[in-house]
Amino acid sequence: MPALARPSRDPFTRTRLVIYSAAAAVALIGTLWPSSSPLAPSAAHASLLASSKTIENLQAAYTSAMRMGEAARQFAARAEEDGYPKLASLLRATARSREIHSGLFAAAIKAAGAVPTLAAEPKAPKSGTTAENVATLLAQAKDERDNTLPKFTSQARTDRNTQAADALRHARQGLIEHARLLGEASENLDAMKAPKSAYFVHTPCGFLVEKLDIQRCPVCFGKREDFQSVD
């Protein structure tokens with residue numbers, strides 16, 4: 001008796017079988033690794049990982065702003081003792097600016113659902129001579145301006161965290177002016193023996209200026225009236 005011939009399948013039938021087989025495989029994977037499983041990566045999980053990186057960056061920026069603000073206050077007292085009244089005014093204004101930056105970072109951290117926390121390291125720098133203290137603040141301002149804050153801002157924008165990106169951008173713009181003023185002071189410390197002089201800090205964003213000859217803050221475009229005098 002001759003063997004029965006297998007029924008032939010046309011290309012359309014074969015294609016449907018492939019599709020059905022693929023769908024079955026996907027369904028099986030979904031059963032074994034549901035979207036709630038930690039083994040199943042998802043868009044939400046990837047977004048959470050990115051968001052946690054921005055929070056980590058904000059915590060680092062918050063720690064630095066708090067620690068350097070405290071250092072600037074201590075250095076201002078030393079400058080006063082060493083006979084640099086104008087430099088002491090600048091350092092107190094720098095401390096106030098850093099305080100505002102830390103507040104911006106803290107608000108962004110809270111908005112992301114976390115708690116602002118000071119990292120164990122690095123510690124605030126110890127006070128040295130007045131020249132050494134100015135050099136310490138200047139080096140830190142330059143490093144944050146050129147390295148950490150641009151990277152943190154880029155990550156925040158990638159994560160579409162507008163509040164974090166704005167806080168980081170405002171702080172970086174502020175540190176550009178910090179570096180300029182501290183650099184000038186470092187190059188001519190004798191001029192900083194002049195009597196104390198008012199500097200002006202914009203309370204919404206922390207921008208620091210030596211002369212209040214502007215109508216709006218160039219960083220956040222806030223009102224002139226929101227600049228605080230610090231001497």
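Me: How should I read the words buried and exposed here, and which of them fits R160?

Reply: Buried means a relative accessible area under 20%, exposed means over 50%, and partly exposed lies in between, with a 1.4 Å probe and protein chains only; at 78% relative accessibility, R160 counts as exposed. This is a predicted model, in which local features need pLDDT of at least 70, side-chain atom pairs count only at pLDDT 80 or more, and totals for chains, interfaces and linings use all residues. Residues are numbered from 1 along each chain as its sequence is written, and side-chain values use heavy atoms, leaving out hydrogens and water.

Me: Where is R160 placed, and what is its phi near?

Reply: Helices (H or I, at least four residues) and strands (E, at least two) are DSSP runs numbered from the N terminus. R160 sits in the loop between α4 (130–158) and α5. Most residues other than glycine have a negative phi. The phi of R160, however, is positive and near 60°.

Me: Which loop holds F221, and is F221 buried or exposed?

Reply: F221 is found in the loop between β2 (208–209) and β3 (227–230), where F221 is exposed with a relative accessible area of 59%; F221 has a positive phi of about 65°, although it is not a glycine.

Me: What does the side chain of H178 make a polar contact with?

Reply: A polar contact is a pair of N or O atoms within 3.5 Å; within protein, one must be able to donate a hydrogen and the other to accept it, and residues adjacent in sequence count only if both atoms are side-chain atoms. The side chain of H178, a residue in helix α5 (residues 162–187), makes such a contact with the side chain of S97 (2.9 Å), and H178 is buried at 2% relative accessible area.
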